Structures are given as structure tokens and as C-alpha cells.
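Me: Could you take a close look at the nonpolar core of this one for me? I'd like to know what builds it and how the surroundings fit in, odd backbone spots included.

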Amino acid sequence: MTAERDPLVIDTSKPHPARVYDWLLGGKDNYLVDQELGQKLPAAARANAARNRAFMHRAAAWLSHQGIDQFLDIGTGIPTEPNLHQIVQAITPSARIAYADNDPIVLRHAEALLVSTPDGATTYIQADVREPQDILEHARGFLDFRRPVALSLIALMHFITDEEDPYSLTRTLVDALPSGSFLMFSHGTADEHPELEKSVSTAYKEGQVPLRMRTRAEVARFFDGLDLVEPGLVSATDWYQEGPAPARERSGFYVGVARVPGAPRE
């Protein structure tokens, strides 16, 4: 495990999405301000967070079975076992995983909890998706961008406002990937919970956390130019490839996995 070492300054005056998500998943690495925001969210938020996490597990395992052994996970969040590297290294022990997040509390846990198998490697950088070139510069020193890489953007881009242009940020990251790479993606939506949209948006607004839930058509734009694998862009519980199908439930997330077209680069 390697990590970028920056001064550890944790702002506990306002909630942070990574810590709120940790609370929703039943974690302990959060503060009162995060708990207060989480408690204002509808009860369905906790179940939706768990469904989103389960999608990540299924998608990461499937990608590993397809031979992908390099992952760039942006918006890592506070480590919650099993973490992405534990999923993929159980299948491919030599896999390499680069993690990135902008909350300093994640750095506090990274070296203890994001520990690789002896055959593989993990690294962590404290960085913001709004500065994708910084993330790519670090990742290129750790991952081999001549071979396919899986880019993981899980429950992240709904915290990027329209003014910050989440589509261009995603495109910058995807365009840096070699052919044969994949995008593993999930995004918050109110399409299946329209009655909860106002309460969720209000809670995050009161917590001074930007939130932009998007419709299916808006989420589909993140996959422009990519080849969605079956079953396409679907609700979190509808995406699976191996094993029994998850129970079909209403979801607060659209999810999908897509391939960067073209033959892998030499």
C-alpha cells in the first residue's frame, strides 16, 4: 500500500458525502454533522446505499473474471469491507488498484484497510474528481495504461453540479483509458422514488452538500461513445452477470458497465 502524504485536516463543521455514505452503510467513521444529515434522509436511503454497494461487488467480480486486473477507483469513500481490491484480488491476486478520494478521513484509514495481497498492489491519492488530470498523473505511475483499466465511479457524479460539468470530467477520465477498458458507474436518481426527491434534496441542501440527482436519460449521457454490456443501464438490483439474480427492488441508483471500444492498444 502506498499513499500520497498531505496534511491531514478534517473539516467537521459540515457533512461530507463519503462520511454520510459510511453512516448509511452502518459504519462508525463519521461525525455528528454527517449523522444529522443521514437521519434527515428517508429510511430508504440506507437500503439504496446497500444495493449500490452490492452492485459494485458484482460488477467488480465480473470485470475480474473478464481478465481486468487494473482498477482506478475514484470517490473511494471510507473503506468498508469487502473493499474493491478484496473483491478483485480474491479472483486475481496480482491485481493492482488505485484509489482516490477528496476526504482526508479516507487517507487516515487507507494504509490500514486498503492493504493488498502480497502478489498485487494498492495505492491511494487524496484528490478530487474535479481535477482529473491530477488523478491520471498519479494513476499512470502505478497502473499500466497500455493495457485495459477499469474506471470505477460509484455514487460520485451526483455530487457534481451541472455547472461543474460532470460529463466533461467523466469524458476526460474515459478518454485517457486504453481500448478494451471499462467504466463501472452508478448515479443517484429519484426516478423510482419520486415521492422522496424533495426530502432528499432538502436534506443535502441544508447540509451544504451539493446534490444533483439525474434521470435515466441524463445518466445515459455518461456512457456516450461506450459499449454498454448487458443488461445495459438499469436499476441497481437489475444488474448481474453471475450467480442468482438479486431480489428486484426499487432503487435510488442507475448503474451500468461499459467497454471502451476498439482493440486493446499494443
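Reply: Sure, let's start in the middle. The largest nonpolar core has 36 residues, and those with the most contacts inside it are Leu72, Ile74, Leu151, Leu153, Met157, Leu183 and Phe185. Keep in mind that this is a predicted model.

Who supplies that core? At least two residues each come from the strands β2 (70-74), β3 (96-101), β4 (121-126), β5 (150-154), β6 (182-188) and β9 (253-259), and likewise from the helices α6 (132-140) and α7 (166-175). The biggest giver is α7, with four residues.

Leu151 makes a handy anchor for browsing. Skipping neighbours within four places in sequence, Leu151 is in contact with Leu72 and Ile74, with Leu173, Val174 and Leu177, and with Phe182, Leu183 and Met184.

There's another core as well, lying apart from that one: it has 35 residues, including Trp62, Leu114, Ala155 and Val255.

Now follow β9, the strand where Ala258 sits. Ala258 counts as buried because its relative accessibility is 0%. Leaving out residues up to four places away in sequence, Ala258 touches Ser181, Phe182 and Leu183 as well as Phe223, Leu226, Asp227, Leu228 and Val229. For the Leu183 pair, 75 residues of sequence go with a C-alpha to C-alpha distance of 5.2 Å.

Next, the loops before β9. Gly232 is in the one between β7 (227-228) and β8, and with a relative accessible area of 13% it is buried. Beyond its neighbours within four places in sequence, Gly232 is in contact with Trp239, Val255 and Gly256. Ala95 makes a contrast in space: Gly232 and Ala95 are 26 Å apart, C-alpha to C-alpha, and 137 residues apart in sequence. One loop further on, between β8 (234-235) and β9, you'll find Thr237. Thr237 has 6% relative accessibility, so it counts as buried too. Its contacts, again without neighbours within four places in sequence, are Arg51, Arg58, Pro246, Ala247, Arg248 and Glu249.

On to the backbone oddities. As background, most residues other than glycine have a negative phi, and most peptide bonds are trans. Here, the bond joining Glu230 and Pro231 is cis, with omega about 10°, and Pro231 is in the loop between β7 and β8. A cis bond also runs from Glu81 to Pro82, with omega near -5°; Pro82 lies in the loop between β2 and α4 (84-91).

For phi, check the loop between β5 and α7, where Ala155 is found. Ala155 isn't a glycine, yet its phi is positive, about 55°. It is buried, with a relative accessible area of 13%. Asp165 is found in the loop between β5 and α7 as well, and its phi is near 55°, another positive value in a residue other than glycine. Asp165 is partly exposed, though, at a relative accessible area of 32%.

Zooming out, the chain comes to nine helices and nine strands. Its radius of gyration is 17 Å, which agrees with the value near 18 Å for a compact globule of 266 residues. The C-alpha trace spans about 50 × 40 × 35 Å along its principal axes. Buried residues make up 56% of the chain. Of the contacts with a separation of 6 or more, 75% link residues 24 or more positions apart. As for charge, there are 26 positive and 37 negative side chains, with the centres of the two sets 2 Å apart.

How values were computed
Residues numbered from 1 in each chain as written. Predicted model: local features only at pLDDT ≥ 70, side-chain atom pairs only at ≥ 80, totals over all residues. Heavy atoms only, no water. Rg over C-alpha atoms; globule rule 2.2 N^0.38 Å. Buried < 20%, exposed > 50% of the residue type's maximum accessible area, 1.4 Å probe, protein only. Contact = heavy atoms within 4.5 Å. Lys, Arg positive; Asp, Glu negative; His and termini not counted. Charge placed at Lys NZ, Arg CZ, Asp CG, Glu CD. Core = buried A, V, L, I, M, F, W, Y, C linked by side-chain atoms within 4.5 Å.
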